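Colleague: Please pick one part of this chain and take me through it closely. Then work outward from there and show me how it fits with the rest.

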Amino acid sequence: MREYGTQIRYGVAAVALLAGLILSIRLSERGFLLDPAGAEALASGPATPDGYDLSQLAIMNRVLISMSESYVDPARIEPHKMLLHALDRVQSTVPEVVALFDRDLEDSPQTVEVRVGETSQSYDISQITSHWELSFKLREIFIFLEEYIDSAETDLQSVEYAAINGMLSTLDPHSVLLNPDLYENMQASNRGSIGGVGIVISIRDGKLTVISPVEDTPAWRAGFQTGDHIIKINDEST
């Protein structure tokens with residue numbers, strides 16, 4: 001009887017994660033593709049008339065699947081530990097959320113009481129041994145958070161990002177999911193372009209150097225040329 005109950009729990013959890021995956025897949029000429037983690041498309045989860053639908057785990061499920069398929073060292077993937085750190089990151093990010101574990105994180109807690117203001121809910125987290133169960137348990141908790149968090153004060157999508165990055169922190173120091181704004185800033189930094197001015201720049205021989213001005217931009221009209229060195233900006237040394 002116990003084995004049958006376990007099979008049902010796995011089945012329900014699998015359906016929940018599969019549903020999230022279906023919502024996250026787009027069709028291309030090469031078949032089914034997952035948009036890359038961190039891209040704007042990945043970050044723009046589905047919304048309800050009242051705002052972001054946290055309980056759908058639209059971003060979380062895609063990260064879980066990408067991680068299970070592509071992470072370099074599968075032995076580091078520990079679903080129970082990931083859940084603990086996901087909840088711990090949420091409580092450290094969202095002031096109105098508190099997660100009270102029955103023991104220290106290092107001692108593998110088995111239950112957690114999640115509080116939002118004066119309201120609380122307890123959860124059994126002892127049977128988190130797979131991605132499916134991790135997703136299903138987070139969905140339970142997110143349904144509770146979504147009901148009681150003041151969405152006018154807290155961006156619900158940021159709650160999901162916090163949970164994801166808490167989860168990823170258990171893998172290695174370099175695994176992180178950037179929100180769309182940070183991702184775009186990183187891309188702009190990597191490209192070495194300053195769109196508002198109209199120049200492409202790089203470091204050459206230790207100097208900030210103009211690689212090329214963009215035609216018909218302020219930099220172009222100001223006479224910037226390839227090879228120019230930018231020594232100061234507003235009297236501040238570069």
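Modeller: S108 sits in the loop between β5 and β6. The model is predicted. I start in this loop and then follow the two strands outward.

S108 is not a glycine, yet its phi is positive, at about 60°. Most residues other than glycine have a negative phi. S108 counts as partly exposed because its relative accessible area is 30%, and the partly exposed class runs from 20% to 50%.

D102 belongs to the loop between β5 and β6 as well. Its relative accessibility is 39%, so D102 is partly exposed. Leave aside the neighbours within four places in sequence, and D102 touches P109, Q110 and T111. D102 also lies 6.2 Å from V112, C-alpha to C-alpha, with their positions 10 residues apart in sequence.

Now the strands on either side. β5 pairs with β6, residues 111–116, in the antiparallel sense, over 5 bridges. One of the residue pairs is V98 with R115, the latter in β6. In a regular strand, side chains alternate between the two faces of the sheet.

The sheet goes one strand further. It is open, has 3 strands, and is ordered β5-β6-β7 with antiparallel pairing. β5, residues 97–101, and β7, residues 119–124, are the edge strands, each paired on one side only. Neighbouring strands are turned by 20° against each other on average, direction ignored.

Two helices meet these strands. α4, residues 79–93, lies across β5 and β6 and runs at about 140° to β5. α5, residues 131–148, packs on the sheet and touches β5, β6 and β7. The direction of α5 makes about 175° with that of β7.

What does this neighbourhood feed into? The largest nonpolar core has 44 residues. α3, α4, β5, β6, α5 and α6 each supply at least two residues to this core. So both strands that flank our loop contribute, since β5 and β6 are among those elements. α6, residues 156–168, gives the largest share, 8 residues. Inside this core, L145 and M167 have the most contacts.

Take M167. Residues up to four places away in sequence are not counted here. M167 touches M60, V63, L64, M82, H85, A86 and L134.

α3 (58–70) is one of the contributors to the core. Its buried residues are A58, I59, M60, N61, R62, V63, L64, I65 and M67. Among these buried residues are M60, V63 and L64, and M167 touches each of those three. An α-helix has 3.6 residues a turn, so residues three or four places apart point the same way. The length of α3 can be checked too. At 1.5 Å a residue, its 13 residues should span 18 Å; the end C-alpha atoms are 19 Å apart, so the two values agree.

Beyond α6 comes L178, in the loop that leads to α7, residues 180–191. L178 has 21% relative accessibility, so it counts as partly exposed. The cut-off for buried is under 20%. L178 also has a C-alpha separation of 8.1 Å from Y161, 17 residues away along the chain.

For comparison, look at another loop between paired strands. β9, residues 199–204, and β10, residues 207–213, pair in the antiparallel sense over 6 bridges. They form a hairpin with 2 residues between them. R204 stands opposite K207 in β10. In the turn, D205 has a positive phi of about 55°. After β10, D216 lies in the loop that leads to α8, residues 218–222. D216 is not a glycine either, and its phi is positive, at about 60°. Its relative accessible area is 58%, so D216 is exposed. A second, separate core of 6 residues includes I199, I201, V210 and I230.

Last, the whole chain. It holds 8 helices and 12 strands. Of its 238 residues, 36% count as buried. The chain exposes about 14,100 Å², and carbon and sulfur atoms supply 51% of that area. Among contacts between residues at least 6 apart in sequence, 48% join residues at least 24 apart.

Terms used: Residues numbered from 1 in each chain as written. Predicted model: local features only at pLDDT ≥ 70, side-chain atom pairs only at ≥ 80, totals over all residues. Heavy atoms only, no water. Pairing = 2+ DSSP bridges. Helix = DSSP H or I, 4+ residues; strand = E, 2+ residues; numbered from the N terminus. Axes fitted to C-alpha atoms, helices over the stretch in contact; angles between N-to-C directions. Contact = heavy atoms within 4.5 Å. Buried < 20%, exposed > 50% of the residue type's maximum accessible area, 1.4 Å probe, protein only. Areas by Shrake-Rupley, 256 points an atom, 1.4 Å probe, with all protein chains shown as cover. Core = buried A, V, L, I, M, F, W, Y, C linked by side-chain atoms within 4.5 Å. Expected span 1.5 Å × (residues − 1).
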